[in-house]
Amino acid sequence: MTPILRFASLAAVSTSALLISSCSTVGLGPSGAGEYAGTTIASSNLPLIRQTTVAVFSEKGFRLDGPADYGTIRFVKQGSRSAQLAWGNNLNNNPVMVRPEVQIDPLGQKTRLICNVYMTQQSDVFGEDSKKPHLAGKAGYSSIMSTIRSRVEKAEKAKP
């Protein structure tokens with residue numbers, strides 16, 4: 001691939017990522033209410049929900065970024081090469097970090113999980129730059145939320 005074609009390809013990928021990230025409410029959550037991905041679980045067992053949420057995100061390579069004993073659980077992992085290209089600043093050598101936050105909202109006999117995702121990059125000059133990807137990767141986080149829901153509901157049904 002010639003240098004000009006390589007540059008054009010990189011420019012196209014970067015422009016596409018910027019366009020996707022700049023969408024405001026298109027495709028957000030099941031009701032357009034502002035969450036990136038979410039689900040409602042037929043359980044009010046908050047310790048089980050927290051434990052399952054941490055386990056599923058850990059299986060996907062995330063680690064906890066703070067305590068998991070309150071209403072919001074934060075996770076972090078270093079972004080892939082494509083995340084670096086799409087969300088990183090070419091003048092900044094720091095890695096892009098993927099930071100999902102899962103909010104746990106009890107609703108009586110049910111519990112609502114709301115997941116928002118932020119792409120961040122630490123800057124030595126400007127602090128941390130944070131962007132919210134509204135469409136890119138949404139299906140993966142919707143799948144994570146579904147996995148949490150099905151595991152919790154299966155564990156609830158298995159209880160004597």
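**Exercise 1.** Which side chains meet in a salt bridge at 3.2 Å, N to O?

*Solution.* The model is predicted. Step one: the side chains that meet at this distance are those of Arg-74 and Glu-101. Step two: Arg-74 belongs to strand β3 and Glu-101 to strand β4, so the pair links distant parts of the chain, 27 residues apart. Step three: Arg-74 is partly exposed at 37% relative accessibility, and Glu-101 is partly exposed at 25%.

**Exercise 2.** Place the salt bridge of Glu-59 in the chain and classify the accessibility of both partners.

*Solution.* Step one: the partner of Glu-59 is Arg-151, with 2.9 Å between the closest N and O atoms. Step two: the pair ties together parts 92 residues apart in sequence, because Glu-59 lies in helix α2 and Arg-151 in helix α4. Step three: exposed means over 50% relative accessible area; Glu-59, at 51%, is therefore exposed. Arg-151 has 36% and counts as partly exposed.

**Exercise 3.** Classify the ring pair of Phe-62 and Tyr-141.

*Solution.* Step one: the ring centres are 6.4 Å apart, and the cut-off for a pair is 6.5 Å. Step two: the planes stand at 55 degrees, so the pair is tilted. Step three: Phe-62 sits in the loop between α2 and β2, while Tyr-141 is in helix α4, 79 residues apart. Step four: Phe-62 is buried at 6% relative accessibility, and Tyr-141 is buried at 12%. Step five: both rings belong to one aromatic cluster with Tyr-36, Phe-57 and Phe-75. Step six: Lys-77 lies over the face of Phe-62, 4.6 Å from the ring centre.

Note on methods
Residues numbered from 1 in each chain as written. Predicted model: local features only at pLDDT ≥ 70, side-chain atom pairs only at ≥ 80, totals over all residues. Heavy atoms only, no water. Phe/Tyr/Trp six-rings, centres within 6.5 Å; stacked < 30°, edge-to-face > 60°. Helix = DSSP H or I, 4+ residues; strand = E, 2+ residues; numbered from the N terminus. Buried < 20%, exposed > 50% of the residue type's maximum accessible area, 1.4 Å probe, protein only. Lys NZ or Arg CZ within 6 Å of the ring centre and 35° of its normal. Salt bridge = Lys/Arg side-chain N within 4 Å of Asp/Glu carboxyl O.
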